[in-house]
Amino acid sequence: MTTTNHTGVSHTVFRLLGIPGLEDQHMWISIPFFISYVIALLGNSLLIFIILTKRSLHEPMYLFLCMLAGADIVLSACTVPQALAIFWFHAGEISLDCCITQVFFYSSTFISESGILLVMAFDRYIAICYPLRYGSILTHALIGRMSITIFLRSYGTIFPIIFLLKRLTFCQNNIIPHTFCEHIGLAKYACNDIQVNICYGLFVIVSTVVLDVLLIFISYVLILHAVFHIPSQDARHKALNTCGSHVCIIILFYGPGIFTSLIQRFGRHIPPHIHILLANVCILVPPMLNPIIYGIKTKQIRDQVVEVLFTKQK
């Protein structure tokens, strides 16, 4: 390992600063963070409970939604509590092992969500293009295999990052200007050459998230082609309406991430705290709004929520 011009001491403890430049506002910033976190936990937990306990919702679309809600809870839980600890208690100290663990769960859960959105697009494609064969194609056995594939892909692609980070010697600064640990954000503090980390990180993004976006786009091209060949206007409207919630969630999930990537590449003059706030938006907003969107736009879920929350009060 190359440690030229350094002491050779590898840091095993790092300090997360939160949002540099806005330290005086941390207490105020924590309020939307906390509210979003609570809504995400309660909303997604309620969604999972309703889908699992109501037999009428044991259909592929709702089972995939249940998986998405579970991933949302994990994504929020592995990042937001750390940010709140920094804002409230200035508890930004984190060990290298905990930092790498956070990188693993954050990254793998993000890729899992992308995979779930892809299979939800496939579900809508089958429902609209092959409605009479929907039940025979999307069997519980196929859903199970798809679920296993999603999680094996996410954990399998991120697992090597653990070893790519563990091999590094962190003899530079151990102060991380962020609310949570990221792969390259951590690797750049190493004294070693991190070109392998950069290349592998790019490979992971292209082979998972970018590929998922491409396949989702193709699915919706085929869906729109089928919809606009339906003779009845009411049937076209109903078919498009069944995709509305999924399209909103796709925009919420990929939109902030794409915007953040563009800002990081072309917005060199933008202050660092804007980059960090945008990174947190990618984590906070989708888990908070996903159950709300499906609760509002999906009648079956809306009716079950009303029944669960208000039946006992009658």
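Helix 3 (80-89) and helix 10 (272-297) each give at least two residues to the lining of the second largest cavity. Helices here are DSSP runs of H or I with at least four residues, strands are runs of E with at least two, and both are numbered from the N terminus. A cavity is a set of points, on a 1 Å grid over the protein atoms alone, where a 1.4 Å probe fits but cannot get out; lining residues have an atom within 4 Å of a point. This is a predicted model, in which local features need pLDDT of at least 70 and side-chain atom pairs count only at pLDDT 80 or more, while totals for chains, interfaces and linings use all residues. Residues are numbered from 1 along each chain as its sequence is written, and side-chain values use heavy atoms, with hydrogens and water left out.

Stay with this second largest cavity. Its volume is about 30 Å³. A volume is the space filled by probe spheres set on the grid points, which are joined across faces, edges and corners. The lining consists of F33, T79, V80, A83, T179, F180, N280, I283 and L284. Helix 10 provides the largest share, three residues. By class, six lining residues are nonpolar, three are polar and none is charged. Here Ala, Val, Leu, Ile, Met, Phe, Trp, Tyr, Cys and Pro count as nonpolar, Asp, Glu, Lys and Arg as charged, and the others, Gly among them, as polar.

How many cavities of 30 Å³ or more does the structure hold? There are two. The largest contains about 60 Å³ of space. Its lining is made of M61, M120, D123, R124, T242, S245, H246 and Y294. Helix 4 (96-129) and helix 9 (233-266) are the elements that give two or more residues to this lining. Three of the lining residues are nonpolar, three are polar and two are charged.

Now turn to a pocket. A pocket is an open set of points with protein on both sides within 12 Å along at least five of seven lines. The second largest pocket holds about 570 Å³ of space. It has 21 lining residues, and M61, R124, K238, T242 and Q300 lie nearest its centre. M61, R124 and T242 also appear in the lining of the largest cavity. Helix 2 (60-77), helix 4, helix 9, helix 10 and helix 11 (299-310) each supply at least two residues of the pocket lining. Helix 9 gives the largest share, six residues. The lining has 10 nonpolar, six polar and five charged residues.

Next, look at two helices. Helix 2 has 18 residues, and its end C-alpha atoms are 26 Å apart, which agrees with the 26 Å expected at 1.5 Å a residue. The expected span is 1.5 Å times one less than the number of residues. Helix 2 is mostly covered, with 14 of its 18 residues buried. Buried means under 20% relative accessible area, exposed means over 50%, and partly exposed lies in between (1.4 Å probe, protein chains only).

Helix 8 (residues 195-227) has 33 residues. From first C-alpha to last, helix 8 reaches 46 Å, close to the 48 Å expected. Where is the kink in helix 8 centred? It is centred on V206, with a bend of about 35°. The bend at a residue is the angle between axes fitted to the seven residues ending there and the seven starting there. Buried residues of helix 8 include N197, Y200, G201, V204 and T208. An α-helix has 3.6 residues a turn, so residues three or four places apart point the same way.

Finally, visit some single residues. S108 is in helix 4. Its relative accessible area is 0%, so S108 is buried. Beyond its neighbours within four places in sequence, S108 is in contact (heavy atoms within 4.5 Å) with S154, Y155 and I158. S108 and Y200 are 92 residues apart in sequence, and their C-alpha atoms are 14 Å apart in space.

I293 lies in helix 10. Its relative accessibility is 16%, so I293 counts as buried. Not counting residues up to four places away in sequence, I293 touches S245, C248, I249 and L252.

Two histidines sit in loops. H178 is between strand 3 (175-176) and helix 7 (183-187). Is H178 buried or exposed? At 9% relative accessibility, H178 counts as buried. H90 is in the loop between helix 3 and strand 2 (93-95). H90 has a relative accessible area of 58%, so H90 is exposed. Its phi is near 55°, a positive value in a residue other than glycine.
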